[in-house]
Every structure is written in C-alpha cells, then in structure tokens.
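Biologist: I would like a close look at one part of this model, with the criteria spelled out as you go.

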Amino acid sequence: MVGGTGTLTVTKDDEAKRLSVTGPPKMHQIVADDAGRNGHLEVRLSRGLQAYSFTYG
C-alpha cells in the first residue's frame with residue numbers, strides 16, 4: 001500500500017516503471033508475472049510517499 005503525493009519507481013530486471021501516486025494509502029500492482037522466476041526488483045519512493053507492506057499466508 002502506498003499513499004501521499006509523489007512518484008513510485010519500480011525497476012524489474014533493469015526496466016523502470018513510474019507510477020504517480022496521490023491520496024490516501026491504497027494498493028498498487030507493481031509486478032505481474034504468470035510464471036515464478038528469479039530476478040531483481042527495486043522499489044523507490046519519492047519524498048512525500050509512505051509505503052506499507054504485508055504478506056498473506
């Protein structure tokens with residue numbers, strides 16, 4: 001979950017994707033992949049954003 005005002009940058013295997021975020025915390029899908037695989041994922045928040053993480057299971 002991410003909230004606030006700013007930009008969320010997600011880099012997956014050297015390919016960057018930027019999402020504009022404004023408002024209260026809500027869920028954002030940052031990765032979609034039908035097959036499980038190894039890789040590198042980096043998430044960066046600009047100033048003004050807050051992130052919350054949780055897991056299921």
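Biologist: In the hairpin of E1 and E2, which residue takes a positive phi near 50 degrees? Please go on from there to strand E1 itself.

Modeller: The residue is Asp-13, in a hairpin that has two residues between the strands. This is a predicted model, in which local features need pLDDT of at least 70 and side-chain atom pairs count only at pLDDT 80 or more, while totals for chains, interfaces and linings use all residues. Residues are numbered from 1 along each chain as its sequence is written, and side-chain values use heavy atoms, with hydrogens and water left out.

The chain has zero helices and four strands, in the order β-β-β-β from the N terminus (helices are DSSP runs of H or I with at least four residues, strands runs of E with at least two, numbered from the N terminus). Strand E1 covers residues 2–12. Its pairing (at least two DSSP bridges between two strands) involves E2, E3 and E4. Ten bridges join E1 to E2, residues 15–26, and the two run antiparallel. E3, residues 41–45, is also antiparallel to E1 and is joined to it by five bridges. Three bridges link E1 with E4, residues 49–51, again antiparallel.

Particular bridges show how E1 is placed. Val-10 has Lys-17 as its bridge partner in E2 and Val-43 as its partner in E3. Gly-3 stands opposite Gln-50 in E4.

Thr-9 also lies in E1. Thr-9 counts as buried because its relative accessibility is 17% (buried is under 20% relative accessible area, exposed over 50%, partly exposed in between, with a 1.4 Å probe and protein chains only). Leaving aside residues up to four places away in sequence, Thr-9 touches Lys-17, Arg-18, Glu-42, Val-43 and Arg-44 (a contact being heavy atoms within 4.5 Å).

Val-2, Leu-8, Val-10, Val-21 and Leu-49 form the largest nonpolar core (buried Ala, Val, Leu, Ile, Met, Phe, Trp, Tyr and Cys residues joined through side-chain atoms within 4.5 Å). E1 supplies the largest share of this core, three residues. In soluble globular proteins, nonpolar side chains tend to be buried together. The contacts of Val-2, not counting residues up to four places away in sequence, include Leu-8, Val-21 and Leu-49, as well as Pro-24, Pro-25 and Leu-45.

For the chain as a whole, buried residues make up 16% of the 57 residues. Among contacts between residues at least 6 apart in sequence, 56% join residues at least 24 apart. The C-alpha atoms fill a box of roughly 30 × 30 × 15 Å along the principal axes.
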